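Grab a pencil and work through these short exercises with the model open beside you. Each task comes with a step-by-step solution.

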Amino acid sequence: MQGVVKTYDPQTGVGVIICDDDRSAVLLRPGSLQGSIFRFLRQGQRIVFETEREGEHSFAHTVRMGQDGY
């Protein structure tokens, strides 16, 4: 999936991504950036990511850069 970072708090590792497909919100939780090249994200940054569903919420993981997915 692709989306844009809406919010991100580097101290807690919590944030929200807005998906390009349907404008739904996907949550970032502490550890979501683990294994990626990112140490933090900025508002408006375009990213590619995978999602997993837990209960009522979708969480992002495997975060990569931009539209190319590199």
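**Exercise 1. Find the residues with the most contacts inside the largest nonpolar core, and the strands that supply it.**

Solution. Keep in mind that this is a predicted model. Start with the core itself: the largest one has 13 residues. Inside it, Ile17, Leu28, Leu41, Ile47, Phe49 and Val63 have the most contacts. Next, go strand by strand: β1 (2-9), β2 (14-19), β3 (25-28), β4 (46-54) and β5 (57-65) each give at least two residues to this core. Now zoom in on Leu41: leaving out residues up to four places away in sequence, Leu41 touches Val5, Tyr8, Leu28, Leu33 and Ile47.

**Exercise 2. Decide whether Ser58 is buried or exposed, and list what it touches.**

Solution. First place Ser58: it sits in strand β5. Then check its relative accessible area, which is 19%. The cut-off for buried is under 20%, so Ser58 counts as buried. Finally, look at the neighbours: beyond four places in sequence, Ser58 touches Val26, Leu27, Glu52 and Arg53. With Arg53 there's also a side-chain polar contact of 3.0 Å.

**Exercise 3. Trace how β2 pairs with β1 and with β3.**

Solution. Take β1 and β2: they run antiparallel, joined by six bridges. Thr7 has Val16 of β2 as its bridge partner. The hairpin leaves four residues between these strands, and Gly13 in the turn shows a positive phi of about 80°. Move on to β2 and β3, also antiparallel, with four bridges. Here Val16 stands opposite Leu27 in β3. Five residues separate the strands in this hairpin, where Arg23 has a positive phi near 65°.

Note on methods. Residues are numbered from 1 along each chain as its sequence is written. This is a predicted model: local features need pLDDT of at least 70, side-chain atom pairs count only at pLDDT 80 or more; totals for chains, interfaces and linings use all residues. Side-chain values use heavy atoms; hydrogens and water are left out. A nonpolar core is a set of buried Ala, Val, Leu, Ile, Met, Phe, Trp, Tyr and Cys residues joined through side-chain atoms within 4.5 Å. Buried means under 20% relative accessible area, exposed over 50%, partly exposed in between (1.4 Å probe, protein chains only). Contact means heavy atoms within 4.5 Å. A polar contact is a pair of N or O atoms within 3.5 Å; within protein, one must be able to donate a hydrogen and the other to accept it, and residues adjacent in sequence count only if both atoms are side-chain atoms. Two strands pair if DSSP finds at least two bridges between them.
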